[in-house]
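Q: Please take a close look at one part for me: the inside of this protein. I am a first-year student, so go step by step and keep the sentences short.

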Amino acid sequence: MNRLRQSDVKALYHDLRTKSDEKDVEGAWRSIFKSYFVERNPDGNAKISSPSKVDGFIFEDRMIFALRILLEFKDGTDLQKAYDRARIAIQCIYYMKQFEKKGIDLPNVIVGADEDQAFVLYAPNFYKYLKSDTTNWSIAPSSAYKANPELMNLLINDSNLSVFVYDLNSGKGIKQQYATIKDLFDEVESLAGYDPKTGEEFKVNVNESNLAVLFDEFIRITFNSLKESDSVSPVDMVNIFQQLLLGRNPDEYYPLPSDPNKLHLPGDKKIAINGANMSAFFKHFNRNLSIEEQNSLIAISDRLIEDITRRRKGDYWTPTIWANKAISLLDTTLNGKWKTKTAGLIEDWKKDCVVWDCAAGAKNLTRDYQFKHLYSSTIHQSELDLSKQYNAYPTSNYAFQYDFLNDDIDQLSLLQKSNDLRHLTEDDIKSISSHLKMPENLFRDLLANKPLVVYINPPFGTANSRSFTSEHATKKAKMAKTEVNALMKEAKMGRASQQLYAQFFFRIVNLINLFQLDNVILAAFSPYQFRVGGNYYGNFYNYFLQTLHPFRGYLFNAGEFSDVASDWAITFSLYSNEGTFPRSEQVETCEFQKDSIKSIFNKTIRTVDEQNSLSSWVKGSHQKQYLGKKLNANEFTAVTSAVKSSKPSIRTSYYENAIGYMYFIGNDVEHSDTAVSLFSSSFKSGNGICITKENIKRAVIGFSIRRCANFEWYSGKDAFYIDNSISEQILSDNEFLLNCLVFSLSQFRSSYQSSLGTNSVPTGYPTIENQWFFLPHNLVANLYGKAKVSDNNRALFSKEYSRAKTANNSLVVNLLENLGVSFELVNDTSHKTIIQPIFNNPENISEECQSMMKCLCNLFNITWPYRDLAINSHPEWSLERYDAGFNQLYKIATQIIKNQQWIDEYKNSYDALRKSIHDYGQRLSIMSPEA
């Protein structure tokens, strides 16, 4: 179960940014803590309460390793300042004293936060203050920082309060926001692993086999990434790790008491660290080792130093624990189970098969294991020099410099003309081999049709055997232009030919076919995107499947690799060219938790052909005969958001019959979160379709399905599927269609259909009408005719009254009426005229849709009296317009009047409607089970 979701983080940031007082800050933080630590607690025994009127106290009903988190939230503080952290700490100390008197278990973690920052304290470090007999404990906790200056002074100078402060505004985008909150929660859980009653602590034994994994974690936790540790030499880095781990030389290696985010080194050198994170990290390990065990760990320092040296050169490596799992999967799948045509039953693939790592780097995949017939090739000779001690014996193992995507392409292509490769004479073999960069032994093994395991982690994206760091990023396009790239283009492999890992796979397939190999296993790390089909990878995967098919594998988060984003997935999968292993697209989805890899669930990677993609279904309805005349660049105004417009760009086009535009990139879940939006005019960046009366149904269904999908790292590349049967069903299902239409009018992040007047468009360009306006023009004209506004806005309202009087109902109004929704003007209990919906056939309209429709009308009603104020505050929002859209009115509700009652009503309605559409899409298999 994914305990922290992007939607939770988005809600937290939204609520904190729109807060009006301290209660709002408390509500936002309490909500996400409750969701993560209580509602999604894997043990299901956590509760949240507010004893002694604390902002929150989360506790578990068990004796040891129990969460007991005391929460305190403020508004307007600066938690980078020791004074403001002390202000929260002293309040929590007073709360703990009250807990003590009432017999409530004391917290093991304290979390303080405001609208911009958060910090975590290890509560037992502050128990000492509870023993004071001179402290006046009758003071109200919230006033203690003023009434007890002596204790405040002690706290400000307490090194335990010099902790890492999480800055919610560091970095941009949901990825960074998610990582910040996840790191915060990880530290809370790490520190909560200690029970002050029993003194027991969760520990992991340190040994030679897991030291490399612990070292990787130490760097990630202490320095965030290798980029932030570049000032420390590889030798010093390993020494720091081992000295702190083993507790040697404490007089030289220690966090500064005055600043735990600085680490003291020999020679009075100081380096920046994440002190709190590092402290929590070492609490997890049992460091009570014998002298022999300590010496054993120190003996493998050279290997750790080589690792960090190689990575700093820009190299990418497979984390040890995932390489170990790959080997384990190969062992359990092949040993004693793979019956080959040429060598019989394989008892041990590492001994009985030819193994070729053709993207070997410094042999990270193979160096910890014994092989009998291993070929290790890499493009860089320096990597061979660095790793020459690995897999050097027996002498049948061979490491060589080889550019797999360029070398021997032309020479081997000549062999394709030979129909009898297996009967070449000895002279032929020697002659051909003399012209190849491939070693003669490997050439002979391929000719002999020996069982072959190609075991690789090829380059892909920013995570590859020769990583594209910022220094190398500009070279990526040139690196894609290889001999294999040219062959793929010739074979019409499309855009997949630009992906280096696809190029590796393409050449492997070609070698299998060239040498007519009967028994091949490809064991490879890669993104799983190439297996979902579509117009990007469709041709390539179909080609691939003619020779190799997947039959087993596992999926894990790309964030397990250093300096790689954590919102996408990598698979290690096994592919075969024989029927011994039947095709299966199922993979085990895994996570690294604490000290080991845990299986979460099994996932089936679904291939969606281009003709059955949701994208093709939506964009196929964009037919020219319905668009009308193409408008000239000065005949329409382009938009960049709900209330921002611009002159049309070269990429922007628009047509006279269009009622709006849908930005619509790709057919995957990942892009659904960022690249699916609706507008009232052409989106300046293009990459979408014009919407007309002929395709509006498909547009709102496509928009809603994609916007309702759940984007997680393991579902981001999943594709949306639709066939003729599903198409007929959803287009004839009026209840579902109405749900989608209403959802399309009310998605807070992407329903940007707006009406923009002269204050919001470039000079000389036409204003933009909102042809998605959902209310009948006569009802709105009635309200405008009776409106009383300030003198400076009277002319604007008079103009809008005339425009509303002469307007025709929008296509959306007509569509709503056809589906059973109309509207009326009524007087509420305070005799104000409001608009409310009428559901003519309520039995055919979902409760979720009715709730959201009422919510939309309420949005119009509650914001109507504040239009005058909002126009004066933000003239660029065009709120004088009678057909102002959802996003424009949403700005009034959340930024001008901050109507919490409506916000709560909307959130509940939105969540229910979104879930209804999401569940419907999953029942029809339009989206994957994980989306």
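A: What follows starts with empty space, moves to the packing around it, and ends with some backbone details and charged pairs.

This is a predicted model. Begin with the gaps. A search of the whole structure turns up 4 cavities of 30 Å³ or more. The largest cavity has a volume of about 130 Å³. Its lining is made of 13 residues. Those closest to the centre are Leu-745, Phe-774, Ala-884, Gly-885 and Phe-886.

Which elements give two or more residues to this lining? They are α30 (847-863) and α32 (886-896). Helix α30 gives the most, with 3 residues. Now sort the lining by type. There are 10 nonpolar residues, 3 polar ones and no charged ones. Gly-885 is among the residues closest to the centre of the cavity. It falls in the polar group, because glycine is counted as polar by the rule used here.

Next comes the packing. The largest nonpolar core holds 87 residues. Inside it, Ile-730, Phe-774 and Phe-823 have the most contacts. Phe-774 is a name to remember: it is among the residues closest to the centre of the largest cavity, and it is also one of the top contact-makers in this core. Helix α30 comes back too. It gives the most to the core, with 8 residues, and it gives the most to the cavity lining as well.

Look at Ile-730 in detail. What does it touch, leaving out residues up to four places away in sequence? Its partners are Trp-617, Ile-701, Ile-722, Phe-736, Tyr-920, Leu-924 and Ile-926. A second core lies apart from the first. It has 85 residues, including Val-355, Leu-405, Leu-452 and Leu-548.

Now follow one of those partners. Ile-722 touches Ile-730, and Ile-722 also touches Ser-613. Ser-613 sits in the loop between β22 (596-604) and α22 (614-619). Is it buried or exposed? It counts as buried because its relative accessible area is 1%, and the cut-off for buried is under 20%. Beyond four places in sequence, Ser-613 touches Val-608, Asn-667, Phe-720 and Ile-722. Compare sequence with space here. Ser-613 and Gly-666 are 53 residues apart along the chain, yet their C-alpha atoms are 9.7 Å apart.

Three backbone details come next. Most residues other than glycine have a negative phi, and most peptide bonds are trans. Asp-408 has a positive phi of about 65° and is not a glycine. It lies in the loop between β16 and α15 (409-413). Asp-408 is buried, because its relative accessible area is 4%. Asn-449 is also not a glycine, and its phi is positive, near 60°. It lies in the loop between α17 (440-447) and β17 (452-456). Asn-449 is buried too, with a relative accessible area of 3%. The third detail is a peptide bond. From Tyr-393 to Pro-394 the bond is cis, with omega near 0°. Pro-394 is in the loop between α14 (381-386) and β16 (398-401).

Finish with the charged pairs. How many salt bridges are counted? There are 33. One joins Glu-100 and Lys-97, at 3.2 Å from N to O. These two are 3 residues apart in helix α3 (residues 82-102), so about one helical turn separates them. Lys-97 is buried because its relative accessibility is 14%. Glu-100 is partly exposed, at 41%.

A second pair is Lys-915 and Asp-919, at 2.7 Å from N to O. Both lie in helix α33 (residues 900-923), 4 residues apart, about one turn of the helix. Lys-915 is exposed, at 52% relative accessible area, and the cut-off for exposed is over 50%. Asp-919 is partly exposed, at 22%.

A third pair is Asp-268 and Lys-270, at 3.1 Å from N to O. Lys-270 is partly exposed, at 40% relative accessibility. Last, Glu-426, Lys-430, Glu-440 and Arg-444 are linked in a network of salt bridges.

How values were computed:
Residues are numbered from 1 along each chain as its sequence is written. This is a predicted model: local features need pLDDT of at least 70, side-chain atom pairs count only at pLDDT 80 or more; totals for chains, interfaces and linings use all residues. Side-chain values use heavy atoms; hydrogens and water are left out. On a 1 Å grid over the protein atoms alone, a cavity is a set of points where a 1.4 Å probe fits but cannot get out, and a pocket is an open set with protein on both sides within 12 Å along at least five of seven lines; lining residues have an atom within 4 Å of a point. Grid points are joined across faces, edges and corners, and a volume is the space filled by probe spheres set on the points. A salt bridge is a side-chain nitrogen of Lys or Arg within 4 Å of a carboxyl oxygen of Asp or Glu. Buried means under 20% relative accessible area, exposed over 50%, partly exposed in between (1.4 Å probe, protein chains only). A nonpolar core is a set of buried Ala, Val, Leu, Ile, Met, Phe, Trp, Tyr and Cys residues joined through side-chain atoms within 4.5 Å. Contact means heavy atoms within 4.5 Å.
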